[in-house]
Amino acid sequence: MTHMHVAGSVHADVAAASPQWLSVPTDVNALDPALWSSTVRRRPDGALEVGGIDVRTLVDEVGTPVYVIDEQDFRQRARAFRSAFAGWDVYYAGKAFLTRTIAGWVHEEGLFLDVCTEGELRVALEGGFDPARIGMHGNNKSRRELEMALRSRVGRIIVDSLDEIDRIEELCRRHEVRARVMVRVTPGVEAHTHEYIATAHEDQKFGFSITNGAAMVAMVRCHASPVIDLLGIHSHIGSQIFDTGGFEVAARRTMKLLSQFQQATGIVLSELDLGGGFGIAYTSQDSPSSPEDLATDLRDIVETEARAHQMPAPHVSLEPGRAIVGPAGMAVYEVGTVKPVDLDGGAQRVYVSVDGGMSDNIRPALYGAEYSATLANRTSAEVGALCRVVGKHCEGGDILVRDEYLPADIHPGDLIAVPASGAYSRSMASNYNHVPRPPVVAVDQAQWTTLLRRETLDDLVGLDQGQVVGTIPQ
């Protein structure tokens, strides 16, 4: 990977024109099935098809950029997690991507749902989701958010600070309700992922430390409260994780904490949440585990730790988000400019600029996330050229796909599809440079529906409270 430098790309440690894992394809038109949703294929005329719909037809209807969610693929992945982890609770992590329709799919497939803010909770409730099957996350929940969660009777609130416990008690007394909570703990695990998405080491904002005793203090505090029902503890070690080694360490430390709590209070807490963060394939270098393999490993880990502490195995819950919606989504862009750039040593890279960018997918700029891409509107007989797919924003780091081989004859007007774009792309989108956010459509059985409409310039300027003193040419 090419690492960005705080002083700019000229100072970055560029070791080679392309990463070692990326090889020149024998067929630049081929699709790696590990990267795409289950209904994606190339039509006989070369265009991509998803959910039985030609992407060119879809683009003619809704324009570009556009996010496309394969409903069949989403449901299949949700069902696979529910089946593999039968007897445990699977919470879909709504922060990955959530709309009323998505909430409906999650409910219909028998999953629970995690939300992190008042906005996500509102979408879930308006989507008809049973509040008893909702968990409320967040390290800085406001009184308003907690009040909404309590009055909605959500199934659990994951508490993250002593201040929050105080707020919950105050609101419970005011509204004469009880709160069902889990204490989020920091198990001190260094997950093998980017610093910004690793969440179980000590020096970060989430959770109560097990090491310094803060977790036990919070648990006892909740247990002693007359208006709080303590269910258990919650742990989340990070995101985009490919093996269960980190979960094994987290389970060992959290189960030990449950045992210590039992020894101190005589109370057996029955629930343990191991979080989510299961990785997906963004490029050919990624090898994610299947839900079945994850389930086998995690069940063995929990049962082993329960035996070691001579305690009953807790009721476990997990929180996949990216692993369900990520592979189910693709982004489609239109090429605007194509610019070959000479590199050191006689190499060349082609900069392919599209009509989106870091405003609709900040992940590559934020923490160097890698993606793949393919020509979507046709096939090509040309060889692959080393390309970098970039956006239209006023930043040198406005990169969508850092390294990819695309046909050498790629030109303005072509369509590019980026797989594995369903999670943390549209949900993290912004209006940088006053660019409206793209729509999201769902496809299934040759039909498409709008999940989120395209923002317009009227939407954006409608927020501007300054006086209009000029006119726009008609």
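# Helix packing, rings and an annotated cysteine

Reader: Which elements do the buried residues of α2 pack against?

Author: Buried means under 20% relative accessible area, exposed over 50%, partly exposed in between (1.4 Å probe, protein chains only). Contact means heavy atoms within 4.5 Å. Helices (H or I, at least four residues) and strands (E, at least two) are DSSP runs, numbered from the N terminus. The partners of the buried α2 residues are β4 (66–70), β5 (89–93), α3 (100–108), α9, α10 (322–325) and β20 (440–444).

Reader: What kind of model is this?

Author: Residues are numbered from 1 along each chain as its sequence is written, and side-chain values use heavy atoms, without hydrogens and water. Local features need pLDDT of at least 70, side-chain atom pairs count only at pLDDT 80 or more, and totals for chains, interfaces and linings use all residues; the model is predicted.

Reader: Which residues of α2 are buried?

Author: The helix covers residues 71–84. Charged and aromatic side chains are both on the list: E71, D73, F74, R75, A78, F81 and A84.

Reader: How far apart are the end C-alpha atoms of α2?

Author: The expected span is 1.5 Å times one less than the number of residues. For the 14 residues of α2 that gives 20 Å. The model agrees, with the end C-alpha atoms apart by 20 Å.

Reader: Which residues join F81 in a cluster of ring pairs?

Author: Rings of Phe, Tyr and Trp (its six-membered ring) pair if their centres lie within 6.5 Å. Eight aromatic pairs meet this rule. F81 is also among the buried residues of α2. Its cluster partners are F85, W88, F247 and F278.

Reader: Which charged residue sits over the ring of W88?

Author: A charge sits over a ring if NZ of Lys or CZ of Arg is within 6 Å of the ring centre and within 35 degrees of the ring normal. R133 lies over F112 at 3.9 Å from the ring centre. Over W88, at 4.9 Å from its centre, is the charged end of R299.

Reader: Why is the pair of Y282 and Y371 classed as it is?

Author: Planes under 30 degrees apart count as stacked, over 60 as edge-to-face and the rest as tilted. Y282 is buried at 3% relative accessible area, and Y371 is buried at 0%. Their ring centres are 5.0 Å apart and their planes stand at 70 degrees, so the pair is edge-to-face.

Reader: How many residues separate Y282 and Y371?

Author: Y282 is in the loop between β12 (271–276) and α9 (291–308). Y371 is in the loop between α11 (363–367) and β16 (374–375). The pair links distant parts of the chain, and the separation is 89 residues.

Reader: Which residues does C394 contact, leaving aside neighbours within four places in sequence?

Author: An unreviewed UniProt entry lists C394 under "active site"; such annotations may be inferred rather than shown by experiment. C394 is in the loop between β17 (384–390) and β18 (399–407). At 64% relative accessibility, C394 is exposed. Its contacts are Y432 and N433.

Reader: Where is the cis peptide bond?

Author: Most peptide bonds are trans. Here omega is about -10 degrees. P65, in the loop between α1 (55–62) and β4, takes part; the cis bond joins T64 and P65.

Reader: What is the phi of R153?

Author: R153 is in the loop between α5 (143–152) and β8 (156–159). R153 is exposed, at 54%. Its phi is positive, near 65 degrees.
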